[in-house]
Amino acid sequence: MMTQQHFRPTKAIIDLQAIQQNVQNLKKLLRPNVQIIAVVKANAYGHGDVAVAKAALEAGATILAVATPDEALHIRAHFEEPDILVLGASPVSFVPFAAQKRIILTVFASEWVQQAAPLIAHEADLLRLHIKVDSGMGRIGVRSEQELLELSNIIQTANNMKLDGIFTHFATADEEDTSYFDRQAHFFEQCLSALPEKPRLVHASNTATSLVKGAHFQYDAVRYGISMYGLSPSSYVEGILPFQLQPAFTLESELVHVKQLQAGDSIGYGATYAAPSDLWIGTIPIGYADGVIRKLGGQEVIIDGQRMPIVGRICMDQCMVALPKAYAIGEKVTLIGRQGKDVISIDEWAVKLETINYEVPCIITARVPRVYV
Ligand SMILES: *Cc1c(COP(=O)(O)O)cnc(C)c1O
């Protein structure tokens with residue numbers, strides 16, 4: 001495959017070896033025969049779904065999970081073999097495609113199964129389903145044993161459908177206090193015992209559950225998202241990590257213009273920043289349309305191994321940094337990642353943006369090409 005040429009120097013560099021190392025380290029935590037479900041939803045948390053899926057499969061993952069039907073089709077177009085699970089809700093209109101493309105869907109309502117059953121066109125096609133149990137997220141899923149049994153009965157009596165799995169998702173696995181987690185786990189266990197027959201894949205753990213609970217709650221498979229990308233789900237989990245996670249996401253650009261300002265000269269829309277003294281200003285071709293949203297004003301970048309602040313309002317396509325001296329056009333600018341001895345982490349951006357690290361690579365938009373090393 002030819003790699004596409006990009007002319008703007010702004011790019012996200014994805015370290016696939018770091019992702020593989022993370023998957024291999026995570027795999028060591030698993031009991032024998034526990035499968036890894038690599039969660040590559042949202043374009044692999046902004047890292048690039050196809051490249052990440054390939055790296056994860058090579059490193060030991062056996063199943064790919066996405067959030068939406070369209071994401072599943074995109075993955076299936078590149079991977080013939082592996083199981084693909086849609087974690088979110090799918091409309092019944094997707095059922096014929098899922099059956100034909102061997103995409104596993106998540107179910108949680110009997111009416112959905114009743115509407116879906118007649119839509120499986122070919123005798124040979126078998127739609128595999130995982131039941132979602134809402135043990136306390138309040139998002140999607142059955143909320144009682146009775147609902148669960150009704151749903152599993154309907155699936156079992158439908159032609160061309162197979163109950164392939166059952167799963168739940170924990171709301172507080174990344175926190176030290178386990179009381180809410182324990183209640184969720186207890187309800188899920190109750191649901192499992194209520195089922196007359198255990199399906200092929202029982203799964204409950206995300207990254208936080210796996211890292212906090214060790215050998216417990218692994219069942220048949222574990223769903224790894226954030227840890228695969230080398231990020232910790234919370235500061236609590238960061239403190240108890242059994243191995244070091246390796247971040248995979250670097251955001252880089254270059255200076256495209258450098259000029260000297262005199263004291264009092266202003267920068268950017270609204271002229272909100274005035275040079276306190278004569279100083280050098282560099283322009284970087286990245287802005288809020290790339291996901292470098294205006295709230296990142298004041299955030300530092302690394303140039304020549306040193307930190308320098310973004311000054312003035314961030315524009316749609318460009319932003320400006322204060323430089324201690326004149327740098328050449330083409331000087332490398334690291335917005336996220338390591339340069340020299342310093343590093344700007346995704347967690348640093350998350351603090352600045354008053355959000356969680358999950359959100360940061362996701363908001364770097366598709367205009368920023370993902371390149372792989
Ligand atoms: C996104 C998601 C995951 C992955 O969670 P991480 O915290 O990133 O490991 C697992 N399970 C479900 C249902 C999800 O939606």
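Helices (H or I, at least four residues) and strands (E, at least two) are DSSP runs, numbered from the N terminus. This is a predicted model, where local features need pLDDT of at least 70, side-chain atom pairs count only at pLDDT 80 or more, and totals for chains, interfaces and linings use all residues. Residues are numbered from 1 along each chain as its sequence is written, and side-chain values use heavy atoms, with hydrogens and water left out.

**View 1. Here's Arg139, in a loop between strand S6 and helix H7.**
Strand S6 covers 127-133 and helix H7 covers 145-157. Is Arg139 buried or exposed? Arg139 counts as exposed because its relative accessibility is 54%; buried means under 20% relative accessible area, exposed over 50%, and partly exposed in between (1.4 Å probe, protein chains only). If you skip residues up to four places away in sequence, Arg139 touches Lys132, Asp134 and His169, where contact means heavy atoms within 4.5 Å. The UniProt record (unreviewed entry) puts the feature "binding site" at Arg139 and Met316. Those two are spread over 178 residues of sequence and also spread in space, up to 34.3 Å between C-alpha atoms. A word on such labels: UniProt positions are given in the numbering used here, feature names are shortened, and annotations may be inferred rather than shown by experiment.

**View 2. Now look at Met316, in the loop between strands S16 and S17.**
Strand S16 runs 306-311, and strand S17 runs 319-323. Met316 counts as partly exposed because its relative accessible area is 42%. Leaving out neighbours within four places in sequence, which residues is Met316 in contact with? They are Gly287, Tyr288, Ala289, Asp290 and Arg367.

**View 3. This one shows the ligand and the residues around it.**
The ligand is surrounded by Val39, Lys41, Tyr45, Leu87, Arg139, His169, Asn206, Thr207, Arg223, Gly225, Ile226 and Tyr358; to be near a molecule or strand, a residue needs one of its heavy atoms within 4 Å of it. This shell splits into five nonpolar, four polar and three charged residues. Here Ala, Val, Leu, Ile, Met, Phe, Trp, Tyr, Cys and Pro count as nonpolar, Asp, Glu, Lys and Arg as charged, and the others, Gly among them, as polar.

**View 4. Zoom in on some polar contacts of the ligand, including one with Thr207.**
A polar contact is a pair of N or O atoms within 3.5 Å; within protein, one must be able to donate a hydrogen and the other to accept it, and residues adjacent in sequence count only if both atoms are side-chain atoms. An oxygen atom of the ligand sits 2.6 Å from a polar side-chain atom of Thr207. For Tyr358, a polar side-chain atom is 2.6 Å from a ligand oxygen atom. In Arg139, a side-chain N or O atom is 3.4 Å from an oxygen atom of the ligand. How much of the ligand's 390 Å² of accessible area does the protein cover? The protein covers 93% of the area that the ligand has on its own, using the Shrake-Rupley method with a 1.4 Å probe (for residues, only the protein chains shown count as cover).

**View 5. Meet Lys41, a residue of helix H2.**
Helix H2 consists of residues 41-45. Lys41 counts as partly exposed because its relative accessibility is 28%. Neighbours within four places in sequence aside, Lys41 is in contact with Ala65, Val66, Ala67 and Glu71. According to the UniProt record (unreviewed entry), Lys41 carries the annotation "modified residue: N6-(pyridoxal phosphate)lysine". Helix H2 also holds Ala42, whose phi is near 50°, a positive value in a residue other than glycine. Most residues other than glycine have a negative phi.

**View 6. Last stop: Tyr269, in the loop between strands S12 and S13.**
Strand S12 spans 266-267 and strand S13 spans 273-274. Tyr269 counts as exposed because its relative accessible area is 58%. Not counting neighbours within four places in sequence, Tyr269 is in contact with Arg313 and Cys315. The UniProt annotation "active site" (unreviewed entry) covers Lys41 and Tyr269. These two are spread over 229 residues of sequence, and also in space, up to 35.8 Å between C-alpha atoms.
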